[in-house]
Amino acid sequence: QQQLVESGGGLVQPGGSLRLSCIGSGFTFKLYGFEWYRQAPGKEREFVVGNPHLGEPPNYTDSVKGRFTISRDQTKNTVYLQMNSLKPEDTAVYYCKVAALRLWGQGTQVTVSS
């Protein structure tokens with residue numbers, strides 16, 4: 001069974017940091033590119049960062065450039081999203097995705113508030 005499981009969300013103050021994790025299973029992790037999306041309350045899901053095809057450099061949406069970084073650990077079948085200098089407008093449910101498999105995780109909530 002192919003599966004993605006996100007974790008690492010939580011409540012953080014503006015200016016703080018969080019690192020999200022996405023563990024993949026049921027497929028050959030090292031063959032695929034990953035993406036992160038987010039969905040804020042009342043808004044459509046939006047692309048945050050990713051490289052849908054392995055080997056390509058990641059693309060970042062403008063609002064997170066210089067603050068968010070995607071990385072991966074092949075030995076742990078895990079993709080990370082390091083989020084720094086968080087802002088209230090980063091509040092959303094964050095999802096990881098493997099576009100080539102049309103596979104989504106269940107999401108993890110990030111709330112940025114004082």
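Read along the sequence, this predicted model goes β-β-β-β-β-β-β-β-β-β-β. Put as a tally, that is eleven strands and zero helices.

**Overall shape and surface**

How does the radius of gyration sit against what a compact globule would have? For 114 residues the rule gives a value near 13 Å, and the protein has 13 Å, so the two agree. Laid along the principal axes, the C-alpha atoms fill a box of roughly 40 × 25 × 25 Å.

Of the 114 residues, 42% count as buried. The exposed area comes to about 6,100 Å², with carbon and sulfur atoms supplying 47% of it. On the charge side, there are 12 positive and 9 negative side chains, and the centres of the two sets lie 4 Å apart.

As for who touches whom along the chain, take the contacts between residues at least 6 apart in sequence: 54% of them join residues at least 24 apart.

**The disulfide**

If you search the whole structure for disulfides, you find one. Cys22 is joined to Cys96, with an S to S distance of 2.0 Å. This pair links distant parts of the chain, since Cys22 belongs to strand S3 (residues 18-25) and Cys96 to strand S9 (residues 92-98), 74 residues apart. A disulfide, to spell it out, is a covalent bond between the sulfur atoms of two cysteines. The link of Cys22 and Cys96 is right-handed, with 60° about the S-S bond.

Are the two cysteines buried or exposed? Cys22 has 0% relative accessibility, so it counts as buried. Cys96 is buried as well, with a relative accessible area of 1%.

**Leu20, also in S3**

Strand S3 is also the place of Leu20. With 0% relative accessibility, Leu20 counts as buried. Which residues does Leu20 contact, once neighbours within four places in sequence are left aside? The list runs Ser7, Gly8, Gly9, Trp36, Val79, Tyr80, Leu81, Met83, Tyr94, Thr108 and Val110. Leu20 and Lys30 are ten residues apart along the chain, and their C-alpha atoms are separated by 19 Å.

**Loops and the start of the chain**

Val64 sits in the loop between strand S6 (59-60) and strand S7 (68-73). Being in a loop doesn't leave Val64 open to the probe: it is at 0% relative accessibility, and therefore buried under the 20% cut-off. Apart from neighbours within four places in sequence, Val64 is in contact with Arg38 and Val48. Val64 and Arg38 are 26 residues apart in sequence, and C-alpha to C-alpha they are 12 Å apart in space.

Asp90 is another loop residue, found between strand S8 (78-83) and S9. At 1% relative accessibility, Asp90 counts as buried. Not counting residues up to four places away in sequence, Asp90 touches Arg38, Arg67, Phe68, Ser85, Val110 and Val112. Arg38 thus turns up among the contacts of Val64 and also among those of Asp90.

Ser85, one of the residues that Asp90 touches, lies in the loop between S8 and S9 too. What stands out in the backbone of Ser85? Its phi is positive, about 50°, although Ser85 is not a glycine. Asn77, in the loop between S7 and S8, also has a positive phi of about 50° without being a glycine.

Gln2 lies in the segment before strand S1 (3-7). Leaving out residues up to four places away in sequence, Gln2 touches Ser25, Gly26, Phe27, Leu101 and Leu103. Gln2 and Gly55 are 53 residues apart along the chain, with their C-alpha atoms separated by 22 Å.

Here are the partly exposed residues from this section:

| Residue | Relative accessibility | Class |
|---|---|---|
| Asn77 | 28% | partly exposed |
| Ser85 | 42% | partly exposed |
| Gln2 | 37% | partly exposed |

Why do these three land in that class? Partly exposed covers the range between the buried cut-off (under 20%) and the exposed one (over 50%), and Asn77 is at 28%, Ser85 at 42% and Gln2 at 37%.

Notes: Residues numbered from 1 in each chain as written. Predicted model: local features only at pLDDT ≥ 70, side-chain atom pairs only at ≥ 80, totals over all residues. Heavy atoms only, no water. Helix = DSSP H or I, 4+ residues; strand = E, 2+ residues; numbered from the N terminus. Rg over C-alpha atoms; globule rule 2.2 N^0.38 Å. Buried < 20%, exposed > 50% of the residue type's maximum accessible area, 1.4 Å probe, protein only. Contact = heavy atoms within 4.5 Å. Areas by Shrake-Rupley, 256 points an atom, 1.4 Å probe, with all protein chains shown as cover. Lys, Arg positive; Asp, Glu negative; His and termini not counted. Charge placed at Lys NZ, Arg CZ, Asp CG, Glu CD. Disulfide = S-S within 2.5 Å.
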